[in-house]
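Q: Pick one part of this structure and take me through it closely, please. After that, I'd like to hear how the surroundings fit together.

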Amino acid sequence: MNSKFRERIGREVEEIREAGLFKKERVIASPQGPEIEVNGATVLNFCANNYLGLSDHPKVIEAAHQAIDSRGYGLSSVRFICGTQDIHKELEQKISAFLGTEDTILYAAAFDANGGVFEPLFGEQDAIISDSLNHASIIDGVRLCKAKRFRYEHNNMADLEKQLQDAADSRSRIIVTDGSFSMDGTIAQLDKIVELAAKYDAAVMIDECHSSGFIGKTGRGTHEYRGVLGRIDIITGTLGKALGGASGGFTSGGREVIDMLRQKSRPYLFSNTVAPSIVGASIAVLDMLTKTTELRDKLEYNTKYFRTKMTEAGFDIKPGDHPIVPIMLYDAVVAQDFAASLLEEGIYVIGFFFPVVAKGQARIRVQLSAAHEQAHLDKAITAFTKVGRSMGVLK
Ligand SMILES: Cc1ncc(COP(=O)(O)O)c(C=O)c1O
């Protein structure tokens, strides 16, 4: 082993630690759910992307078992060599039907879907116009292609219009935005974005990782919530959050786009097939969500209840409808101490501060789930209020 190299990396890790930016991982010794076992204690979990409570749902687990029994453990291949089973095609069709698109392509992760979507579709003559707070995987994907890059100020439609005008001489233009933004729970103004796209002859792409399955009256996502179903060119999403929580991602859209991605998208061509157990379970999830809106309705109720009670308790919350609820504390040390005190009260949440969010915007991000029961929500609200009073955050 090269000792100079190891020493340099060791020093750099130490610098991260000294700057207070070292990310520690708490170890869970139970399935993911509303109650989890962390460090030998059972705590209430308010920081997973388990929006619909499907990560440990008996029907999902049963479907995963059945898929292992009938289709095996793994495919040991990329899709185009010998890695496509009937269930992969079935899942792609079900995702398309759910989202209202023509076709869908699966990836090992949404990170790969975003990483592999731009380069096959856009070249030097084209322009990608991206919200400044878009997910890291979109940023990386855009970097991998030769299109001209334009950034608009987060959620600012006037600036988006200006960027569209600046990109006017490009062959194709595409506006790219997260459907729901994971730090603030902001839901993109897709109705306005679609109008601007029509005015400037641009396509629209949304990343629905924090939307698919629960945003909109039947959970189709941001395009349903904003009343623009059928008007989005490209939708990327994950199977690793609301739709079961294992892993896997997808890109969905027009037939030609998906055909081209199957031919040229590198994370699809050069990476292994999604495992049969995940595919079988995801089919069961989509069947469940197509039959009933029960889970997304419960999540909506939980979200409204928690947001209302926390506001009444005196907390400063970013307003909105999303189950991501940012409790604003502004100070990084306060956010960290607050989260540590909540853990002692049996509530597991995470404090976010610079550089994850802007300086002076430290917060605790609560994520609600359909798996939370009334008693869980009430226990969390009581604990937040107790810690808030003892730390002087609440009067
Ligand atoms: C907006 C957004 N896009 C993409 C991803 C990547 O998803 P995956 O975990 O499936 O790679 C995430 C996950 O953090 C996300 O929040």
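**A loop and the core beside it**

A: Pro355 lies in the loop between β12 (350-352) and β13 (362-367). Bear in mind that this is a predicted model. The thing to look at first is the peptide bond between Phe354 and Pro355: it's cis, with omega at about 10°. For context, most peptide bonds are trans. Phe354 has something else going on, too: the charged end of Lys359 sits over its ring, 4.3 Å from the centre. There's another arrangement of this kind in the model, where the charged end of Arg17 sits over the ring of Phe22, 4.2 Å from its centre.

Now follow the chain into β13, residues 362-367. Which residues does Val366 touch, once its neighbours within four places in sequence are set aside? The list is Phe46, Phe306, Pro323, Ile324, Val325, Ile327, Val349 and Phe384. Val366 is also one of the best-connected members of the largest nonpolar core: of its 80 residues, Phe306, Ile327, Ile364, Val366 and Phe384 touch the most other members. Helix α12 (residues 276-291) is the biggest contributor to this core, giving 8 residues. Apart from this core lies another one, of 20 residues, including Tyr107, Phe122, Ala147 and Met205. As a general backdrop, nonpolar side chains in soluble globular proteins tend to be buried together.

Some of those contacts of Val366 turn up again among the aromatics. Searching the whole structure gives 8 aromatic pairs. One of them joins Phe338 and Phe384, and this pair is tilted, at 5.7 Å centre to centre with 35° between the planes. The two rings come from distant parts of the chain: Phe338 belongs to helix α14 (residues 332-344) and Phe384 to helix α15 (residues 374-390), which puts them 46 residues apart. Why does Phe338 count as buried? Because its relative accessibility is 1%, and the cut-off for buried is under 20%. Phe384 is also at 1% relative accessibility, so Phe384 counts as buried as well. Through ring pairs, Phe46, Phe306, Phe315, Phe338 and Phe384 link up into a cluster. Phe46, Phe306 and Phe384 are among the contacts of Val366, so you can trace a path from the strand after the cis bond into the ring cluster.Backbone oddities show up elsewhere as well. Tyr330, in strand β10 (residues 324-330), has a phi near 75°, a positive value in a residue other than glycine. With 38% relative accessibility, Tyr330 counts as partly exposed. Ser76 has a positive phi too, near 50°, and is placed in the loop between α2 (58-71) and α3 (79-83). At 72% relative accessibility, Ser76 counts as exposed. In general, most residues other than glycine have a negative phi.

Zooming out, the protein has 15 helices and 13 strands. Its radius of gyration is 22 Å, close to the 21 Å that the globule rule gives for 395 residues, so the protein is as compact as a globular protein of that length. Of those 395 residues, 52% count as buried. Among contacts between residues at least 6 apart in sequence, 69% join residues at least 24 apart.

Methods:
Residues are numbered from 1 along each chain as its sequence is written. This is a predicted model: local features need pLDDT of at least 70, side-chain atom pairs count only at pLDDT 80 or more; totals for chains, interfaces and linings use all residues. Side-chain values use heavy atoms; hydrogens and water are left out. Rings of Phe, Tyr and Trp (its six-membered ring) pair if their centres lie within 6.5 Å; planes under 30 degrees apart count as stacked, over 60 as edge-to-face and the rest as tilted. Helices (H or I, at least four residues) and strands (E, at least two) are DSSP runs, numbered from the N terminus. Buried means under 20% relative accessible area, exposed over 50%, partly exposed in between (1.4 Å probe, protein chains only). A charge sits over a ring if NZ of Lys or CZ of Arg is within 6 Å of the ring centre and within 35 degrees of the ring normal. A nonpolar core is a set of buried Ala, Val, Leu, Ile, Met, Phe, Trp, Tyr and Cys residues joined through side-chain atoms within 4.5 Å. Contact means heavy atoms within 4.5 Å. The radius of gyration is taken over C-alpha atoms; the globule rule is 2.2 Å times the number of residues to the power 0.38.
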